[in-house]
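Open your viewer, get the sequence panel ready, and come along for a short tour. We will begin with the whole chain and then select residues one stop at a time.

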Amino acid sequence: FEALGRPEWISACDWYMKADADSFLNVPLLEERLRCFDPAEFWFLGVPQVAHSSTGAMTRFASGGAGYMISRGLLPKLATWSPFCLLQLLQHSGGTGMEDVSFAGCVWKWGHIDVATYVDYETEVITSEAAMNRTRVKEKDVLEDAWAVPPCIFVVHSVTPEELEIVAENVARARRQIPSSKRCMPDP
């Protein structure tokens, strides 16, 4: 984030996203949802979860598997904080551990900015084995079963390279099948 904070990158994009390599991202749907947020404001968006440390401390973080996004407005602040956050990470854990938890801790410590959700966790992301088992999103040749693949899926984690094309086809098909009156928009 320090590199992204350089002048040539600051205004290159409205949003910057980090997701795990084994995640399927529905980019058109993400772009559509992000229009609900002002990128000039300080936004740290993701799928909030809680991590418990060995000392009992809790950290709210945005799951790296589901991906997290920062706004253009927040990027210069992150660029300023990143050397301190990296130093703290190296001092406390030798640079190991869950980067998504460390990142959220940094954003909270230096900016008092908590992760905000941009999705309905129950219906718009598949990030657990239980959620995966409730759908058929990874199965080939899913046809007309309306409940097989939810139509407003933003992220599927985790998928293998072999499953990626199948997931993409199933998500696109499910989205095409919903009436335009039932677009994938957040509740007011």
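The stops below go from the overall fold to ring pairs, a strand residue and a helix.

**Before you click**

This is a predicted model, in which local features need pLDDT of at least 70 and side-chain atom pairs count only at pLDDT 80 or more, while totals for chains, interfaces and linings use all residues. Residues are numbered from 1 along each chain as its sequence is written, and side-chain values use heavy atoms, with hydrogens and water left out.

**Stop 1: the whole chain**

Show the cartoon and you will find six helices and nine strands; these are DSSP runs, numbered from the N terminus (helices: H or I, at least four residues; strands: E, at least two). Switch to the C-alpha trace, which spans about 55 × 35 × 30 Å along its principal axes. The radius of gyration is 18 Å, which agrees with the value near 16 Å that a compact globule of 188 residues would have. That radius is taken over C-alpha atoms, and the globule rule is 2.2 Å times the number of residues to the power 0.38.

Now colour by burial: 38% of the 188 residues count as buried, where buried means under 20% relative accessible area, exposed over 50%, and partly exposed in between (1.4 Å probe, protein chains only). If you draw contacts (heavy atoms within 4.5 Å), 73% of those between residues at least 6 apart in sequence join residues at least 24 apart.

**Stop 2: aromatic rings**

Select the rings of Phe, Tyr and Trp (its six-membered ring); they pair if their centres lie within 6.5 Å, and planes under 30 degrees apart count as stacked, over 60 as edge-to-face and the rest as tilted. The whole structure holds seven aromatic pairs. Zoom in on Phe 44 and Phe 103, an edge-to-face pair with 5.3 Å centre to centre and 80° between the planes. Phe 44 is in strand β3 (residues 44-46) and Phe 103 in helix α4 (residues 99-111), so this pair ties together parts 59 residues apart in sequence. The relative accessible area is 2% for Phe 44, which is buried, and 9% for Phe 103, also buried.

Keep Phe 103 selected and add Tyr 68: these two rings are stacked, at 4.9 Å centre to centre and 15° between the planes. Here the link runs from Tyr 68 in strand β6 (residues 68-71) to Phe 103 in helix α4, 35 residues apart. Tyr 68 is buried too.

Next, select Trp 15, Phe 37 and Trp 43, which ring pairs link into a cluster.

**Stop 3: Met 17**

Which strand holds Met 17? Met 17 sits in β1 (residues 15-18) and is partly exposed, with a relative accessible area of 32%. Leaving aside neighbours within four places in sequence, Met 17 is in contact with Leu 25, Leu 30, Ala 66, Gly 67, Tyr 68, Met 69 and Tyr 118. Measure C-alpha to C-alpha from Met 17 to Gly 64: they are 9.8 Å apart in space and 47 residues apart in sequence.

**Stop 4: helix α2**

Select residues 27-34, helix α2, where Leu 29, Leu 30, Glu 32, Arg 33 and Leu 34 are buried. Their cover includes β1, β2 (23-25), β3, β6 and α6 (161-177). Val 27, in this helix, is partly exposed at 43% relative accessible area. Finish by adding Phe 154, which is 127 residues from Val 27 in sequence, yet 7.6 Å from Val 27 in space, C-alpha to C-alpha.
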